[in-house]
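Look through the structure below from its start to its end. The paragraphs that follow take up one helix, then the strands, then the contacts between side chains.

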Amino acid sequence: MTHIQELTDSELTARWRESGSQEATEELHRRHHRALVGYARLCSRDEHTAEDLASEAFTSALEAVRSGHGPHGAWRPYLLTAVRRTAARWFTTERRHRLALDFEQWLDERDPAVEDAETWVVRQEERSLVRHAFLSLNERWQTVLWYTAVEQEPAGVTARLMDLTPSGVASLASRAREGLREAYLTAHAQDARAGEECRHFSALLGAYVRRGEHKAGRALQRHLGSCARCRGAVDELTRLNDRFGAYLATGVLLWAGPAYLATRSASASLAAAADAGHARAGKGGSPLTRPAALTAGAAALAVAALAVVSLLPGDPDTEENRPVRGRPSPTVPYTSAPDTLAPAATAPSPPRPVSTPPRPAPATARPSAAPAGVPLAACTGFDADDGELKPAADEHDVPRSVPGWTHSFPGGWRVDNSRMPDNGVREWRGWTLTTRDFWERTAPGQYREDFSLGRRVIAVADPDEWNDLGEPSRTSTFDSTLVSPACATPPGGRLTLSYATHYWQLGAQRGEVLVSFDSGPDRLLKAYAADRFDSRESLAVTVPRGARTVTVKFRLRDARNDWYWALDDVRLS
């Protein structure tokens with residue numbers, strides 16, 4: 001049976017929502033109480049008030065969950081927001097005198113004749129692009145960014161909270177930062193103050209931010225020269241890169257973000273010591289050592305108070321949990337697909353030279369030898385002779401001496417580009433056969449080099465690079481299908497399809513593995529809507545009675561300036 005302390009916040013939330021589990025609320029309280037009180041102190045005049053404020057905020061959050069609302073993303077920033085909103089509500093009551101003077105002065109910036117404190121705070125939240133971008137991310141990205149950048153927890157602590165390895169935390173955090181930048185640019189483009197030209201160039205800012213000024217076209221440079229608003233967005237991204245944790249805390253919390261960040265540094269040091277103690281104690285120990293007095297008693301009081309405390313006003317998730325750029329809704333457990341995204345909020349990063357982030361951890365154990373099985377159509381991969389590979393055409397960062405790429409596949413494989421526009425970077429117009437060396441040189445530092453299961457020549461669908469010439473994603477989407485030859489189905493009724501995959505998800509992009517029998521309709525075997533780095537997939541295929549041939553298809557669709565999918569060593573056994 002799973003120990004309660006090994007469950008994620010989402011799993012604990014589900015237990016409370018479905019059964020009112022006292023054990024789940026006690027564990028949530030144990031994990032978050034100290035941080036809540038720390039932030040409440042910044043809003044309060046004394047320790048007793050801070051405890052009361054934190055307790056009321058926690059109770060309001062539990063009531064929101066029980067009412068079907070509450071956090072769908074990371075719990076910690078949601079609870080801290082509840083503390084700030086509760087303090088703003090106190091500001092309009094006789095408890096105002098218990099609030100910190102500087103918090104009162106912050107609320108006094110509003111015009112009291114126009115709006116009350118609670119309304120003013122909600123309006124500040126709506127205006128924060130950083131907050132909107134952050135809330136648009138899936139739960140795992142929110143959680144890893146908050147715990148690593150703001151809470152400054154040791155990698156071991158964050159790893160246990162998220163059921164990852166420490167190296168997996170570093171890899172996920174790097175991808176989450178990139179996702180935050182993209183979400184910020186989306187929020188920038190969708191802002192009501194954006195003109196038509198700003199919305200157009202916001203899409204180009206994604207490549208500008210990711211790859212540096214050398215990728216910017218003249219039109220974008222002219223726009224940045226004349227548009228103070230877009231220059232401001234680039235400047236904010238630059239500041240976010242320089243002081244990521246402080247800007248994230250400020251953008252999400254609005255009040256006392258840097259001060260809260262400072263309080264967490266000392267707590268992180270204590271957590272590191274506790275983490276070391278846990279490692280010595282073994283698996284049976286508590287993941288996060290906290291004083292026992294902060295758990296059962298206080299959590300029980302919070303649950304009992306639900307009968308008299310109303311729903312958290314303007315619940316942070318009810319208005320801010322809608323998908324951005326078509327990101328996927330939760331259809332599978334969080335470990336394999338992102339949660340529904342809330343609207344956006346956070347600051348991205350500035351024009352910068354490309355740097356290499358931490359390597360992502362492989363999603364599955366790497367096999368020590370090639371898997372058993374009969375190669376699909378007698379082709380164990382996509383290896384081609386050098387003479388069949390072309391030098392760079394539009395990829396000017398790759399020397400022409402480096403072979404290469406081709407759209408001609410060996411062994412009866414073919415590419416269906418009937419839904420694909422005939423523009424963009426030539427090398428990447430649909431599925432491409434390319435060497436790993438060529439592909440990795442196109443944009444170093446974006447995990448292409450981490451496809452270690454891929455051999456020398458691999459199949460790649462790369463809408464990220466395709467979009468770099470003429471920005472075709474403004475009017476169309478990348479939609480290409482790699483099609484196998486028809487292979488004889490052996491007797492027995494079941495086949496196993498296996499392949500090496502390296503898939504990076506962004507936006508509305510979707511990957512699909514399809515099969516058809518005897519040239520009949522396609523059947524969906526697997527859909528990709530979450531990262532699947534450097535992994536070996538093995539999928540069961542049920543063969544209909546009487547079927548004589550099977551065709552396998554890999555389709556990447558609905559992609560704009562998103563990421564990529566690479567494949568190798570496709571086998572059917």
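Right after helix α1 comes G20, a residue with a positive phi, near 65°. This is a predicted model, and the angle is computed from its atoms. Helix α1 itself covers residues 9-19, and within it D9, L12, T13 and W16 are buried. These residues lie on the same side of α1, because the arc they cover around the axis is only 100°. What does the face turned away from the buried side of α1 carry? It carries the exposed residues E18 and S19.

Now take the chain as a whole. It has 18 helices and twelve strands. The chain is 573 residues long, and 57% of the residues count as buried. Its accessible surface comes to about 23100 Å², and carbon and sulfur atoms make up 52% of that area. Among contacts with a separation of 6 or more, 77% are between residues 24 or more positions apart.

The strands come next. Strands of a sheet pair through backbone hydrogen bonds, and the pairing can be parallel or antiparallel. In this chain, six strands form an open sheet with antiparallel pairing, in the order β1-β3-β4-β12-β7-β10. Which strands are at the edges? They are β1 (405-406) and β10, each of which pairs on one side only. Inside the sheet, β7 (residues 494-504) is joined to β12 by seven bridges in the antiparallel sense. One residue pair shows this: Y503 has W565 in β12 as its bridge partner.

Strand β12 (residues 564-572) also holds V570. Is V570 buried or exposed? Its relative accessibility is 1%, so V570 counts as buried. The C-alpha atoms of V570 and E537 are 9.6 Å apart in space, while the two residues are 33 residues apart in sequence.

A hairpin is found in another pair of strands. Strands β8 (residues 510-517) and β9 (residues 523-528) run antiparallel and are joined by five bridges. V515 stands opposite R523 in β9. Five residues lie between the two strands of this hairpin, and D518 in the turn has a positive phi of about 55°.

Side chains with aromatic rings give another view of the fold. How many aromatic pairs does a search of the whole structure find? The search finds 22. In one of them, the ring centres of Y447 and F533 are 5.4 Å apart and the planes are at 80°; the pair is edge-to-face because planes over 60 degrees apart count as such. Y447 is in the loop between α17 (436-442) and β4 (457-461), whereas F533 is in strand β10 (residues 532-542). The two residues are 86 residues apart, and their pair links distant parts of the chain. Both Y447 and F533 are buried.

Other rings are joined into a cluster, whose members are W431, Y499, Y503, Y528, F554 and W565, linked by ring pairs. Y503 and W565, met above as bridge partners, both belong to this cluster. Y528, also in the cluster, has K526 over its face, at 5.2 Å from the ring centre. A second charged residue placed over a ring is R177, which lies over the face of F244 at 3.9 Å from the ring centre.

Technical notes:
Residues numbered from 1 in each chain as written. Predicted model: local features only at pLDDT ≥ 70, side-chain atom pairs only at ≥ 80, totals over all residues. Heavy atoms only, no water. Phe/Tyr/Trp six-rings, centres within 6.5 Å; stacked < 30°, edge-to-face > 60°. Helix = DSSP H or I, 4+ residues; strand = E, 2+ residues; numbered from the N terminus. Buried < 20%, exposed > 50% of the residue type's maximum accessible area, 1.4 Å probe, protein only. Lys NZ or Arg CZ within 6 Å of the ring centre and 35° of its normal. Contact = heavy atoms within 4.5 Å. Areas by Shrake-Rupley, 256 points an atom, 1.4 Å probe, with all protein chains shown as cover. Pairing = 2+ DSSP bridges. Arc of directions from axis to C-beta.
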